[in-house]
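Reader: I have a chain open that I'd like to walk through with you, starting from whichever residue you prefer. Could you take it slowly and spell out your cut-offs as we go?

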Amino acid sequence: MSSEANPVVHSLKHAPKPDVKQVPLTQFVGYFLWLGTVGFGGPIALAGHMQQDLVEDRDWVRKEDYLEGLALAQLAPGPLAAQLAIYLGYIRAGVFGATAVGMAFVLPSFPMVLALSAAYVRFGGLPWMQGMFYGIGAAVIGIIARSAFKLTKLTIGKDKLLWAVFLLLAVSTAWTSQEIIWLFLLGGVVNLFAKAFPNRLPPRSTIPLLLAPATFAAFRAGGTLLPIFLYFAKAGMFVFGSGLAVVPFLYGGVVEGHHWLTDHQFVDAVAVAMITPGPVVITVAFIG
């Protein structure tokens with residue numbers, strides 16, 4: 001009988017490691033519900049909170065598991081903090097844990113943004129949002145700077161090659177104000193060949209691609225709903241970095257490309273994401 005068919009084997013497979021505190025799943029999920037409710041500062045700050053709370057203070061997650069989750073979240077496109085939370089939920093309780101943690105983490109900020117969006121549309125803008133956004137900006141930047149410093153030390157350490165890749169990508173991103181995908185991939189390939197090139201390549205998967213790009217050509221819909229859906233689906237699949245990295249990408253498409261929002265409305269969208277807790281990627285709910 002396979003492990004998937006045997007619930008006992010499956011639960012043992014995803015059981016916490018013996019050197020961490022074993023807490024009930026409800027308590028573990030409750031932490032992410034709390035973090036999604038009160039956690040400000042964006043993806044780097046939220047990832048820093050997870051490292052401080054779950055690894056250092058509470059000892060609920062092994063340092064090795066956290067670093068592996070952080071690396072996978074950075075490697076994959078989409079919102080960093082949400083993907084890190086989902087990974088930690090998975091190592092705690094498999095697919096069910098990942099689903100519960102992901103929903104708990106994103107759920108609190110969603111109704112907040114919906115309420116602000118409804119008020120924004122009803123009253124033709126909310127000027128106080130930008131005032132509050134700039135008012136808390138200094139505190140948020142401080143949280144991000146502290147968390148970025150800690151995560152840099154934790155993930156790079158004293159590795160000279162990783163520091164070289166880090167500095168190159170930092171300079172290129174700051175200079176061009178955009179993510180240069182081939183540089184990100186090159187950095188990974190260089191480190192792969194230098195330190196971790198596999199001895200054997202895994203067998204090629206035989207699972208077919210169910211959602212080929214041509215599939216979307218079969219869909220037809222009036223208005224902007226389908227284009228908006230497809231645009232954000234593309235953003236989730238191809239934008240690397242974090243929720244903050246997706247902001248310039250969204251501006252280029254939402255404001256300059258499709259003209260769905262004005263400059264002023266887009267700044268308000270970012271302001272809403274920053275003055276509400278949870279992942280910055282909730283900006284897309286306001287835009288929608």
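Author: Let us begin with His259, which is exposed at a relative accessible area of 60%; buried means under 20% relative accessible area, exposed over 50% and partly exposed in between, with a 1.4 Å probe and protein chains only. Residues are numbered from 1 along each chain as its sequence is written, and side-chain values use heavy atoms, with hydrogens and water left out. This is a predicted model, in which local features need pLDDT of at least 70 and side-chain atom pairs count only at pLDDT 80 or more, while totals for chains, interfaces and linings use all residues.

Reader: Where does His259 sit?
Author: His259 is in the loop between H12 and helix H13 (263-275), where helices (H or I, at least four residues) and strands (E, at least two) are DSSP runs numbered from the N terminus. The phi of His259 is positive, about 60 degrees, although His259 is not a glycine.

Reader: Which other non-glycine residue has a positive phi?
Author: Asp59 has a positive phi of about 60 degrees and is not a glycine either. Asp59 lies in the loop between H3 and helix H4 (63-75), and at 30% relative accessibility Asp59 counts as partly exposed.

Reader: Zooming out, how many helices and strands does the chain have?
Author: The protein chain has 14 helices and 0 strands. Of the 288 residues of the chain, 38% count as buried. As for contacts (heavy atoms within 4.5 Å), residues 24 or more positions apart account for 62% of those in the chain with a separation of 6 or more.

Reader: Back to H3, then: how far does it reach from end to end?
Author: H3 has 15 residues and reaches 20 Å from its first C-alpha to its last, close to the 21 Å expected at 1.5 Å a residue; the expected span of a helix is 1.5 Å times one less than its number of residues.

Reader: How many of the residues of H3 are buried?
Author: In H3, 11 of the 15 residues are buried, so this helix is largely enclosed by the rest of the structure. Among the buried residues are Leu46, Met50, Gln51, Asp53 and Leu54.

Reader: Asp53 catches my eye; which side chain of opposite charge is nearest to it?
Author: That is Arg58, 5.1 Å away, and Asp53 is buried yet has no salt bridge. A salt bridge is a side-chain nitrogen of Lys or Arg within 4 Å of a carboxyl oxygen of Asp or Glu, and for charge Lys and Arg count as positive and Asp and Glu as negative, while His and the chain ends are not counted.

Reader: With which side chain does Asp53 make a polar contact?
Author: The side chain of Asp53 makes a polar contact with that of Tyr31, at 2.8 Å. A polar contact is a pair of N or O atoms within 3.5 Å; within protein, one must be able to donate a hydrogen and the other to accept it, and residues adjacent in sequence count only if both atoms are side-chain atoms. Leaving aside residues up to four places away in sequence, Asp53 touches Tyr31, Trp34, Arg58 and Asp59.

Reader: How many salt bridges are there, by that rule?
Author: The count comes to 1 salt bridge. It joins the side chains of Asp65 and Arg62, at 3.3 Å from N to O. Asp65 counts as buried at 8% relative accessibility, whereas Arg62 is partly exposed, with a relative accessible area of 23%.

Reader: Changing topic, what span does H5 have between its end C-alpha atoms?
Author: Helix H5 (residues 80-106) spans only 12 Å there, although a straight helix of 27 residues would span 39 Å at 1.5 Å a residue. There is a kink of about 145 degrees in H5, centred on Ala93; the bend at a residue is the angle between axes fitted to the seven residues ending there and the seven starting there.

Reader: And just past it, is Ser109 buried or exposed?
Author: Ser109, which is found in helix H6 (residues 109-123), is buried, with a relative accessible area of 0%. A polar atom of the Ser109 side chain lies 3.2 Å from the backbone oxygen of Val106.
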